[in-house]
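These are my notebook entries on one structure. I record what I looked up, entry by entry.

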Amino acid sequence: MRDKPIATPSRTREILRKYGLDAKKSLGQNFLMDVSVLNQMLDAGGIDDQTVVIEIGPGIGALTEQLVEVAKKVYAFEIDQRFIPVLEEELSDYSNLEVIHQDILTVELQEVIPEIKHHSGERIVVVANLPYYITTPIIMRLIASSIPFDCMVLMMQKEVAERMAAGPNTKAYGSLSIAVMNHCQQDIALIVPRTVFNPAPNVDSAVLCLTRRSEPLVKVDNEEAFQTFVKATFQHRRKTLWNNLMSVFGKDKTVKSKLSAILEQLGIDPKRRPESLTISEFGHLYEATSSLRDCSEKTN
Ligand code: SAM
């Protein structure tokens, strides 16, 4: 590494000037200029010389530079062509870096990364200072994939990290928390002030660590349908669970009595708010109402 890391205000300015670059807001470009934040991210992901890293959006290489210093191998996926020569030149000393000019939302990772295609127990970690505009789709895509990652260490908007990490009976808890917690254990590792980015975004950030569970907390026949059900149940947060379920299934008399019996059998008070339900209660409710869902689908 050179005397001064890329993740400093002076090197960031120097590189942007040298290559005639500016940050594109439409691609969520905010460059990190704080090495201690990056080191905390590496620590949170337990990155060492045995770790294979998938980096999303390397930009001008602030995080990449720290990663290649310690990781076994880094695959860095960048959508913006302008950064490819920058990364290749500024990080040319590192033979363990592969820069790939592809959209992380469409690339087939198993086709590009041999350690995934022929996985033989390597520790794979996803690390990123995420482009804000696609934070949730990226995370959902990776969670739903069969990529054998151990954990993800992801910088994102603080408010989104809080929603993803939230548990029952909190304001931030919702369908996003449930979709994430079903597959990953969630921990907010650090809060990062907006001032360490160039340009500074309008909000603070947080680093969320998602550790893949060996089994989902709730096993359902159709994950997408489960998430749609949970989302619909959270539609009116201030209303009771019962009123939300009425919106989901309709107010037909037979449906009402079936629902009432289901809730009683599950020991769930219909007067509770949706945000008080645990993921396993949502799982049971989803399974128990499958016949009602089929009916309401047929009548709709
Ligand atoms: N890692 C750098 C840092 O920490 O300074 C840059 C982070 S910046 C917040 C997000 C980066 O993601 C940008 O370089 C942007 O071009 C890239 N990006 C945006 N959308 C992308 C996509 N769909 N696939 C891959 N990279 C993307």
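Entry 1. Which residues in H10 meet which residues in H11? I worked on a predicted model. I found that Phe229, Ala232 and Thr233 in H10 meet Leu241, Asn244, Leu245, Val248 and Phe249 in H11. I then sorted the residues of this contact by kind: 6 are nonpolar, 2 are polar and none is charged.

Entry 2. I looked up how the two helices are placed. Helix H10 covers residues 223-233 and helix H11 covers residues 241-249. They pack at an angle of about 125 degrees, and their axes are 8 Å apart. H10 is therefore oblique to H11, as an angle between 115 and 145 degrees falls outside the perpendicular and antiparallel ranges.

Entry 3. I searched the whole structure for aromatic pairs and noted 6. I examined one of them, tyrosine 173 with phenylalanine 234: the ring centres are 5.8 Å apart and the planes stand at 85 degrees, so I entered the pair as edge-to-face. The cut-off for that label is over 60 degrees.

Entry 4. Where do the two partners lie? Tyrosine 173 is in the loop between helix H8 (158-165) and helix H9 (175-181), while phenylalanine 234 is in the loop between H10 and H11. The pair therefore ties together parts that are 61 residues apart in sequence.

Entry 5. Are these two residues buried or exposed? Tyrosine 173 has a relative accessible area of 0% and is buried. Phenylalanine 234, at 7% relative accessibility, also counts as buried, because the cut-off is under 20%.

Entry 6. Lastly, I noted a cluster in which ring pairs link Phe226, Phe229, Phe249 and Tyr286. Phe229 and Phe249 had already appeared in my list for the contact of H10 with H11.

Methods
Residues are numbered from 1 along each chain as its sequence is written. This is a predicted model: local features need pLDDT of at least 70, side-chain atom pairs count only at pLDDT 80 or more; totals for chains, interfaces and linings use all residues. Side-chain values use heavy atoms; hydrogens and water are left out. Axes are lines fitted to C-alpha atoms, for helices over the stretch in contact, and angles run from 0 to 180 degrees between N-to-C directions. Helices (H or I, at least four residues) and strands (E, at least two) are DSSP runs, numbered from the N terminus. Angles under 35 degrees count as roughly parallel, over 145 as roughly antiparallel, 65 to 115 as roughly perpendicular and the rest as oblique. Contact means heavy atoms within 4.5 Å. Ala, Val, Leu, Ile, Met, Phe, Trp, Tyr, Cys and Pro count as nonpolar, Asp, Glu, Lys and Arg as charged, and the others, Gly among them, as polar. Rings of Phe, Tyr and Trp (its six-membered ring) pair if their centres lie within 6.5 Å; planes under 30 degrees apart count as stacked, over 60 as edge-to-face and the rest as tilted. Buried means under 20% relative accessible area, exposed over 50%, partly exposed in between (1.4 Å probe, protein chains only).
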